[in-house]
Amino acid sequence: DGESVTLTSSSAASYLWSTGATTQSITVFNSGNYSVTVTNANGCSRSSAVTPVTVNDLPATPTITPDGPTTFCETESVTLSSSAEDSYLWNTGAATQSILVTTSGSYSVTVTTADGCSATSASTSVTVNPNTTWYADTDGDSYGDSENTLEFCTQPAGYVANDLDCDDSDESINPDSDEICYNAKDDNCDGSIDEGCPDCSVFDTAPVDLTKSFDPVNGVQDRVQVKWFKDTPQVRYSDEDAAACDIKFWPKRNLNPDGTVTGPPIVAAPSDTINILNTKKFQPDGVTPREIFKWPVKFRADGANNNKRAEPNIRYEWQVRCACDHGAGPESPWSVVKIFNTPDFDPTTGIYTPPSGPASGAVKWIGEQNMDIRLYPNPNVGDAINLDLSADIDEVFTIQIVDMTGKVVHLEQINSAKRGVIRIDFYNGALPAGMYTMNLIQTDKMYRSRFIVK
């Protein structure tokens, strides 16, 4: 059906086909019996035998059925199948009813019946998408793990297109995060740790040069000032260091009122340790860090909160450590253990009244003649003075500095000293110009020398 055949008569003068046509040839489209009568020039006629023509029906237009999506990834495929007929010819050259397609393109099939009639299908379009590398996003922060990948042409669930996460187990760590100081993590995945954070290298080592003094505050001695430094000799933690420090002390020995040891050593329980934590100082704005090198350990007093105060007549051991960034940064190791002795203060008021000097019956005046005491520089500017001893002092003694009015302006306890130089720093500020007396007080004697501040 849809095709034709041409029937041609042998040559004659004229022709008359059974269809009524008068040409030598006719084109036949329909089934039937066809014949022709020819006439020569003499008028004689003769008819041909009948020629049967059969026109077969065309097959139905074939259809193509895919066994899955016709858009897929390059590692996948689809099978295209033709509707049934006697024979098949795909535009790929395949002659089977079904073909396996793995590349993009338009696919069609021509089917042929046993009678030789053919029909061609409409085209079926197949799209094969190239694969993309996807990265697992286990922590759900929209950034992927470069070590956990999947090759696929469309985005799988739980995967993203980037590999920028440096810790896919922690959603707080990704390129959008801010760097958090001192947590030893690369929070923003830029390949650096703690960038932009303060330099805390000075806190790699413990505080040094631990000492103490008993300087009166407004003429009242109600504390021991423990002191420490970041480096020798007595280099203070600066404003820029922004140190915050922890102090702990615990009882070691009981003392007599005169400062001598009595009884066996104290075996302190953990609960006996007093902790003064996170001590820090600020500039007047209340925010900016200020240098720190000392802290008061106050004497216990009735009516006060005595949880962090010292008892009278006790030798305490103490340590200190400091942390960077006002306590937010890494901590130093604990310092070596040092001691301080609390005097025989009044526990009801928390105030110590030191011996008054030679007038006290408990102290015998010896004077300079028994031990050479040299103070220098003398005169000096009033911030510190060096005490040069000519002999060893093997017991606790107190350094007392008195101005010309008799007011005690500096008080410091020294546990023992070998002959040589002791530096006395006036931490409450430079002394005003004038004449001063330094008394070195032991249990039953006192040594005295004078110096001038200009």
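**Sheets, salt bridges and a surface patch**

Asp 141 sits in the loop between β17 and β18. The model is a predicted one, and this loop makes a handy way in. Is Asp 141 buried or exposed? With a relative accessibility of 11%, Asp 141 counts as buried, because the cut-off for that label is under 20%. Along the chain, Asp 141 and Asp 168 are 27 residues apart, and their C-alpha atoms are separated by 8.3 Å.

The two strands on either side of that loop belong to a sheet. This sheet is open, has three strands in the order β18-β17-β19, and is paired in the antiparallel sense. Its edge strands are β18, covering residues 145–152, and β19, covering 159–160, and each of these pairs on one side only. Strand β17 takes in residues 132–136 and is joined to β18 by five bridges, again antiparallel. Within this pairing, Thr 133 stands opposite Glu 151 of β18.

Another open sheet of three strands turns up earlier in the chain, this one with the order β2-β5-β6 and antiparallel pairing. Here the edges are β2 (14–17) and β6 (45–47), each with a pairing on one side only. On average, and with direction ignored, neighbouring strands of this sheet are turned by 20 degrees against each other. Four bridges hold β2 and β5 (residues 36–39) in their antiparallel pairing. Looking across from β2, Leu 16 has Thr 37 of β5 as its bridge partner.

Strand β10, residues 78–82, shows two different sides: Val 78, Leu 80 and Ser 82 make up a covered face, while Thr 79 and Ser 81 make up an uncovered one. This strand has pairings with β8 and β12. Strand β8 (residues 64–66) runs antiparallel to β10 and is joined to it by three bridges, whereas four bridges link β10 to β12 (residues 98–101), also antiparallel. Which residue of β10 is the bridge partner of Thr 65? That partner is Ser 81, and Ser 81 in turn has Ser 98 of β12 as a bridge partner. Ser 81, then, is a spot to look at when tracing how these strands line up, and it belongs to the uncovered face of β10.

Two further loop residues are worth a look. Phe 293 lies between β26 (289–290) and β27 (294–298), and a relative accessible area of 6% makes Phe 293 buried. Between the C-alpha atoms of Phe 293 and Val 381 there are 21 Å, with 88 residues separating the two along the chain. His 326 is found in the loop between β28 (314–323) and β29 (338–341). His 326 counts as buried too, at 11% relative accessibility. Its side chain reaches the backbone oxygen of Lys 281 at 3.1 Å.

Now for the charged residues. Side chains of opposite charge can pair when their charged atoms come close. How many salt bridges does the structure hold? There are ten salt bridges. One of them brings together the side chains of Asp 222 and Arg 223, at 2.8 Å from N to O. Both partners are out of the way: Asp 222 is buried with a relative accessible area of 17%, and Arg 223 is buried with 13%. Another salt bridge links the side chains of Arg 300 and Asp 302, at 2.9 Å from N to O, and here Arg 300 counts as buried at 17% relative accessibility.

The salt bridge between Asp 425 and Arg 423 has its closest N and O atoms 2.9 Å apart. In this pair the acid and the base are not covered alike: Asp 425 counts as buried at 9% relative accessibility, but Arg 423 is partly exposed, with a relative accessible area of 45%. Salt bridges also come in a network, which links Asp 246, Arg 321 and Glu 331.

The surface has a nonpolar spot as well. Met 404, Met 435 and Ile 452 form a patch there, with about 290 Å² of accessible area together. Of these, Met 435 lies in strand β36, residues 434–441. At a relative accessible area of 32%, Met 435 is partly exposed, and Met 435 can count towards such a patch because the cut-off for patch residues is over 30%.

Terms used. Residues numbered from 1 in each chain as written. Predicted model: local features only at pLDDT ≥ 70, side-chain atom pairs only at ≥ 80, totals over all residues. Heavy atoms only, no water. Pairing = 2+ DSSP bridges. Axes fitted to C-alpha atoms, helices over the stretch in contact; angles between N-to-C directions. Patch = residues over 30% accessible without salt bridge, like charges linked within 9 Å, V, L, I, M, F, W, Y side chains within 5 Å. Areas by Shrake-Rupley, 256 points an atom, 1.4 Å probe, with all protein chains shown as cover. Salt bridge = Lys/Arg side-chain N within 4 Å of Asp/Glu carboxyl O. Buried < 20%, exposed > 50% of the residue type's maximum accessible area, 1.4 Å probe, protein only. Polar contact = N/O pair within 3.5 Å; in protein donor to acceptor, adjacent residues only side chain to side chain.
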